[in-house]
Amino acid sequence: MYAQILEERRQSIGTGGDVGRTRSIRCETASVSGAVSQRACVYCGARVVLNPITDAFHLVHGPIGCASYTWDIRGSLSSGSELYRNSFSTDLQERDVIFGGAEKLARAIDEAVERYRPPLIFVYCTCIVGVIGDDVDAVCRSAEARHGVRVIPVKAPGFSGSKSTGYRLACEALMKLLEGHEWDGEREGVNILGDYNLAGEMWIIVGYMRRLGIPVAATFTGDASFERLLRAPRARLNVVQCAGSMMYLANLMEETFGIPWVKASFFGLEDTSTALRQVADLVGDDEIRRRAREFTEERSRETAKLVGPYHGRLAGKRAAIFVGGGFKAISLVRQFREMGMETVLVGTQTGKADEYEVLGRLVGPDTVILDDANPAELERFLVERGADILVGGVKERPLAYKLGIAFCDHNHERKHALAGYEGVENFTREVASSILSPVWRHARG
Ligand code: SF4
């Protein structure tokens, strides 16, 4: 199994037969140099978490390439401002690298305030700023004093860790925003953490909460705005959907505001119903719990009826999964099982040891489990395990198509909501139309 795999990578690859049983796999570490990881950099990790804050001015302090790499990076939708869809940059040049870019940054913030009047500015420091050492804290502090708006530095040079480091920096920036907004009135409702409103998914989840009678105080960060985020400290519970990106914030909010958290996945029939009942149990009265029971039973019945006809045609097909976080991967394995499909490969960019253990117990003994993969490893195991479809993100799509394997985007670019009951329907249709397309017969020759 390890032939042609880099020696240093072997600890990060296992199977369902051993991971969580006789061994764990190495994860939550820096990528192996030269292995060409699929993972995004620290700055990108921070940017994807903060970017859906719709009325914030996202200013990238660095060369133009960093700003272009993450321009409009998620298909996050907004019910208000569209400012977040721009990618502003200080466009550092050779001269700035030699003499420093702090003055240029100060001028860029002044211009942003004058032209756009944003209530909140994030300043992302990328690799080169980490090298030249601009005093970005001082520039942001003095800009806040000058303009009376929040200017929060996110010091995220790409080389300073992994994508998870970026998630943590984004959570710290959000905490900085919430500091001083403690709530001493009565607590009500929930915050939803770790959903980015891709194709309107946050709206689906908020809609379910409304239907059950549970108010939503703030959303992190799908369709968020400066004012709405500041309402977060008044919630009774944090519901954490993407645990990889938001567990750190959930823990900080528990320490600072005393808000407990619960992990909840809204991917798949089983997980969506469990999540809604769990939230109702934790914050609801008898009436809300009754509504949750009725609502989940009704929607599960309806959805099962709609997707049932596809299952017969998908039964026995083989799925490969490579996504950002372990919690999502677990939901996807369960979702494929609901569809009668077998998962033959599952990997993540930022999964945690306990999540890999759960995956090890969920999948079959021959399923490949891998952390922080590179294209060569993915290619090899996709072919070897005979995958019919790869579920991944923008970087995995070309690999699947080159190998003549069906693909489903479960990351930034997706145009159909894949969360909630609506998501189960969309996902099943998308997987079916991709796998069952006659094109693969021709593409594979
Ligand atoms: S921060 Fe560094 S690694 Fe990330 S996009 Fe910019 S130059 Fe590349």
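## Exercises on a predicted model

In this predicted model, the centres of domain 1 and domain 3, taken over C-alpha atoms, are 26 Å apart.

**Exercise 1.** Determine how many residues each of domain 1 and domain 3 gives to their contact, and which helix supplies the largest share of the domain 1 side.

*Solution.* Step 1: the domain assignment places domain 1 at 7–28 + 311–443 and domain 3 at 190–293. Step 2: 22 residues of domain 1 and 20 residues of domain 3 take part in the contact. Step 3: on the domain 1 side, helix 13 (326–338) and helix 17 (420–435) each provide at least two residues. Step 4: helix 13 gives the largest share, eight residues. Step 5: by class, this side of domain 1 comprises seven nonpolar, nine polar and six charged residues.

**Exercise 2.** Establish how the buried residues of helix 15 are arranged about its axis.

*Solution.* Step 1: helix 15 spans residues 375–384, and Glu377, Leu378, Phe381 and Leu382 are buried there. Step 2: viewed down the axis, the buried residues of helix 15 fall within an arc of 125°, so they line one face of the helix. Step 3: an α-helix has 3.6 residues a turn, so residues three or four places apart point the same way. Step 4: the face turned away from the buried side carries the exposed residues Val383 and Glu384. Step 5: packing partners of the buried residues include strand 10 (318–323) and helix 16 (397–403).

**Exercise 3.** Classify the residues of the shell around the ligand.

*Solution.* Step 1: the shell includes Cys41, Tyr43, Cys44 and Thr126. Step 2: helix 1 (42–50) and helix 2 (64–69) each give two or more residues to the shell. Step 3: the shell has six nonpolar, three polar and no charged residues.

Conventions. Residues are numbered from 1 along each chain as its sequence is written. This is a predicted model: local features need pLDDT of at least 70, side-chain atom pairs count only at pLDDT 80 or more; totals for chains, interfaces and linings use all residues. A residue is near a molecule or strand if its C-beta atom, placed from the backbone, lies within 6 Å of it. Helices (H or I, at least four residues) and strands (E, at least two) are DSSP runs, numbered from the N terminus. Ala, Val, Leu, Ile, Met, Phe, Trp, Tyr, Cys and Pro count as nonpolar, Asp, Glu, Lys and Arg as charged, and the others, Gly among them, as polar. A residue is buried if 20 or more other C-beta atoms lie within 10 Å of its own, exposed if 12 or fewer, and partly exposed in between; C-beta atoms are placed from the backbone. The arc is that of the directions from the helix axis to the C-beta atoms. Two residues are in contact if their C-beta atoms, placed from the backbone, lie within 7 Å. Domain bounds come from an automatic or database domain assignment.
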